[in-house]
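Visitor: I should like to understand how the terms applied to this model are justified. Please take me through them one at a time.

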Amino acid sequence: MCNRPEIFRSYLRITPACFDVLVASLREDPVFHNRSNIPQMPVEEQVAIALYRFGHFGNATSTVMVALWAGVGYGTVHLATNRVMSAVCSERFRKSALHWPDAAEKEAAKAWVEENSCPAWRDGWLMVDGTLVPMYSRPAYFENTWYDRKSNYSLNVQVCAA
């Protein structure tokens, strides 16, 4: 599927390169490691299952449909999604994924906004243009915090490669 990035993106709503960066940043999270003689499913597959669920809606996100798409058991879909969400919500991931700009970066961003949009917005704070990833239903964890301005449950995810 990586030879056809448009197909990859239609399933996971992310480019193969961005997927690789995301997996690399999640790979070392303890939730993906155990002390059992039975190894867990590869992190790549768990992330793919979660992204597929997050990027679709309606019946396509049911445990049965995702399990059939991924070729795994129904319980595996639930476990993989929970592991990915646990890793994404961890303090370690947030510290590695979030970058607060220094004074020079802030000034460069303000100058860009002033030059490329309305000059009055120069001192705007935390303006982000992102794509919302709709979810089929309200997640069990953090419930209504996923409710967006368009009256849907969704994620707004940004991944930056350095």
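Visitor: What area does the protein chain expose, and what share of it do carbon and sulfur atoms supply?

Guide: In this predicted model, the protein chain exposes about 11,300 Å², of which carbon and sulfur atoms supply 58%. Of its 162 residues, 28% count as buried.

Visitor: How many helices and strands does the protein chain contain, and in what order do they run?

Guide: The protein chain has 7 helices and 2 strands. Read from the N terminus, the order is α-α-α-α-α-α-α-β-β.

Visitor: Which residues have the most contacts inside the largest nonpolar core?

Guide: They are Leu-12, Phe-19, Val-47 and Leu-51, in a core of 30 residues. Helices α1, α2, α3, α4 and α5 each give two or more residues to this core, and α3 provides the largest share, 8 residues. Beyond its neighbours within four places in sequence, Phe-19 is in contact with Phe-8, Leu-12, Ile-14, Glu-44, Val-47, Ala-48 and Leu-51.

Visitor: Why is the pair Asp-29 and Arg-92 called a salt bridge?

Guide: The closest N and O atoms of Asp-29 and Arg-92 are 3.9 Å apart. The cut-off is 4 Å between a side-chain nitrogen of Lys or Arg and a carboxyl oxygen of Asp or Glu, so the pair qualifies. Asp-29 belongs to the loop between α2 and α3 and Arg-92 to helix α6, 63 residues apart.

Visitor: What makes Asp-29 count as buried, and Arg-92 as partly exposed?

Guide: Asp-29 has a relative accessible area of 5%; buried means under 20%, so Asp-29 is buried. Arg-92, at 36%, falls between 20% and 50% and is therefore partly exposed.

Visitor: Why is Trp-112 called exposed?

Guide: Its relative accessible area is 56%. Exposed means over 50%, so Trp-112 meets the criterion. Trp-112 lies in helix α7, which has 14 residues and reaches 20 Å from its first C-alpha to its last, close to the 20 Å expected.

Visitor: Which salt bridges join helix α7 to the loop between α7 and β1?

Guide: One is formed by Glu-107 and Arg-122, with the closest N and O atoms 2.3 Å apart; Glu-107 lies in helix α7 and Arg-122 in the loop, so the pair ties together parts 15 residues apart in sequence. Another is formed by Asp-123 and Lys-110, at 3.5 Å, with Asp-123 in the loop and Lys-110 in helix α7. Through shared partners, salt bridges join Glu-107, Lys-110, Glu-114, Arg-122 and Asp-123 into one network.

Notes: Residues numbered from 1 in each chain as written. Predicted model: local features only at pLDDT ≥ 70, side-chain atom pairs only at ≥ 80, totals over all residues. Heavy atoms only, no water. Core = buried A, V, L, I, M, F, W, Y, C linked by side-chain atoms within 4.5 Å. Buried < 20%, exposed > 50% of the residue type's maximum accessible area, 1.4 Å probe, protein only. Helix = DSSP H or I, 4+ residues; strand = E, 2+ residues; numbered from the N terminus. Contact = heavy atoms within 4.5 Å. Expected span 1.5 Å × (residues − 1). Areas by Shrake-Rupley, 256 points an atom, 1.4 Å probe, with all protein chains shown as cover.
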